[in-house]
Amino acid sequence: MTVFILVAGAFTGPHVWRDTAARLAADGTEVRTVALTALGGRPADPGEAVDLETHVADVLAVIDAVAAETGREIVLVGHDYGIHPVLGAADRRAGAIARIVYLDAGMPRDGVPALAAVPDQRLREEVMERAAGSGERGAGGELPPPARDAWSRWGSTAGLSGAALDGLTALAAPQPLGTLLQPLRLTGAVADVPVTGVLCTSNGPGVDMLQILVDVGDPALRSLAEARVPFLELPTGHWPMLSCPAALAETLIEAASGGGHRLAVADASRTPAHLRPFLLDVPERPRERTGNTDLYLPDGPGPHPAVVFVHGGPVPAEARPTPRDWPTLTGYARHVAGQGVVGVTLDHRLHAVTGYEVAAADVADAVERVRADPRVDADRIVLWFFSGGGPIMADWLTDPPPWLRCVAANYPILSPLPSWGLGDTRFHPVRALSRAGSLPVVLVRAERESAEIAATVEEFLAEAARCGANVEVIDVPEGRHGFETLDPTDGAREAVHRAVGAVLARLKG
């Protein structure tokens, strides 16, 4: 018989599992919810330092109680912070565990504390400040639970009703600092336990986006692809046990059986999606490479207007070929060069979501070098952003220079994703849009965009309607993220022609 052992995340306890546990029990499985010390379990003793090892012991106690009964197949489920005590306990009882389910959780490593998985840098700093006043490893200290309107700093609240959010807030408990600061210790035994990942796609990437990251060379995700780890999706925010308990129960049952989508391993026999041919048959053009920047030159001496194409990311530093040689970027650059415009591709250093500052500086430097080229008309420039490069667009929407004739964006991320922890950053095009004035924006929207990215696009368009921004939307029917190499359909080709036409009309006008 399958026994699910459910471990909740930060500030929460067994109560969050109530409806999911009932659904699982109705399907004939047994459910145990772990009451972690000070988080729904026993209260901490006066002066007791509750740390990660305390919670590992709590999980071990439940595992041992279940394992003492014959015929039980244990599936450990860790949500958010809960994956840390789950892994610590499973490492010590690897032979007793049939599967571990990572429920919208990170990938903890030996020697790394749970605090490292908190995406919001300011939150991490707040925890460290509290710990500094609480002695070694925050002994005895606590982190107060979020206020009702602050849960989004810990993950997307998409799908939560007002009543659910009220309940989450009312029943939340302070998180002992030691549980976030003590490093996780693993012997390596847990590596032999099968795992499944459950992705909440309103909080972070779905399977399609993970596959893109595998293909461009993300080492951690490549290792998961090689290990044939299955993934399942839930179209909701970070607390699925509250937003969609029935769907979560069904997903956990599927996970227990080993079901799910497995990422394709990168190999020489399979062309990754981002390296497939550009959907238009574009003739070769002369190219000049200087540093991190390539210029595709039109006929004639110039000076010519220019379009600078800004790739997305994050892209691992070791990815080869680098983005400026990807077919989508080179295809657009050659296409505009054939119409009398300098096409520019570049490599910038967005290797992690923490890299927007340096990537934005790379883009700004490249633009200035392009404008200084005597073959370029420095007063007629367009910046065209793609995917995860979208947040960099905020710098150019804020008080745009007069020589910037237009910005364009294909399937862009237009506000930081909840899982990034960058809500207060300047790289937030939605917030910058009201300062763009009459600057034209051409937005190419993929009809089959992932939920978390599509939400940022809709937020941007709502802000455009509010502030009267000059935004033209070009929809790609049945198009996916990266449609230029994924979806070579007539509709997609027509969308590319329309987008290029819209941009060049503003550039040459």
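**Exercise 1. Which strands does helix α17 lie across, and at about what angle does helix α17 run to β17?**

Before solving, note that this is a predicted model in which local features need pLDDT of at least 70 and side-chain atom pairs count only at pLDDT 80 or more, while totals for chains, interfaces and linings use all residues. Residues are numbered from 1 along each chain as its sequence is written, and side-chain values use heavy atoms, with hydrogens and water left out.

*Solution.* Step one is to locate the elements, where helices (H or I, at least four residues) and strands (E, at least two) are DSSP runs numbered from the N terminus. Step two is the sheet itself, which is open, has eight strands in the order β10-β11-β13-β12-β14-β15-β16-β17, and shows mixed pairing; two strands pair if DSSP finds at least two bridges between them. β10 (287-290) and β17 (471-476) each have a single partner strand, so one side of each is left without a neighbour in the sheet. Step three is the helix: α17 (residues 490-508) lies across β12, β14, β15, β16 (441-446) and β17, and runs at about 160° to β17, with angles taken from 0 to 180 degrees between N-to-C directions and axes fitted as lines to C-alpha atoms, for helices over the stretch in contact.

**Exercise 2. Describe how β14 and β15 are joined, and how β7 and β8 are joined.**

*Solution.* In the eight-stranded sheet, β14 (residues 376-386) and β15 (residues 404-410) run parallel and are joined by six bridges, one of which can be followed from F386 to its partner N410 in β15. The other sheet is open as well, with seven strands in the order β2-β1-β3-β4-β7-β8-β9 and mixed pairing. Its edge strands, β2 (30-33) and β9 (261-262), each pair on one side only. Within this sheet, β7 (residues 195-200) and β8 (residues 230-234) pair in the parallel sense over four bridges, and C200 has L234 in β8 as its bridge partner.

**Exercise 3. Classify the packing of α7 against α8 and list the residues that meet.**

*Solution.* The axes of α7 (residues 207-216) and α8 (residues 219-226) come within 8 Å and cross at roughly 105°. The two helices are therefore roughly perpendicular to each other, given that angles under 35 degrees count as roughly parallel, over 145 as roughly antiparallel, 65 to 115 as roughly perpendicular and the rest as oblique. In contact (heavy atoms within 4.5 Å), L210, L213, V214 and D215 of α7 meet L221, R222 and A225 of α8. By class, this contact has five nonpolar, no polar and two charged residues, where Ala, Val, Leu, Ile, Met, Phe, Trp, Tyr, Cys and Pro count as nonpolar, Asp, Glu, Lys and Arg as charged, and the others, Gly among them, as polar.

**Exercise 4. Describe the largest cavity and the second largest pocket by volume and lining.**

*Solution.* On a 1 Å grid over the protein atoms alone, a cavity is a set of points where a 1.4 Å probe fits but cannot get out, a pocket is an open set with protein on both sides within 12 Å along at least five of seven lines, and lining residues have an atom within 4 Å of a point. Grid points are joined across faces, edges and corners, and a volume is the space filled by probe spheres set on the points.

The largest cavity holds about 60 Å³ and is lined by G9, A10, F11, H79, D80, W151, W154, H238 and W239. The second largest pocket holds about 630 Å³; of its 26 lining residues, S152, P416, L417, P418 and G423 are the closest to its centre. Helix α15 gives the most to this lining, with five residues.
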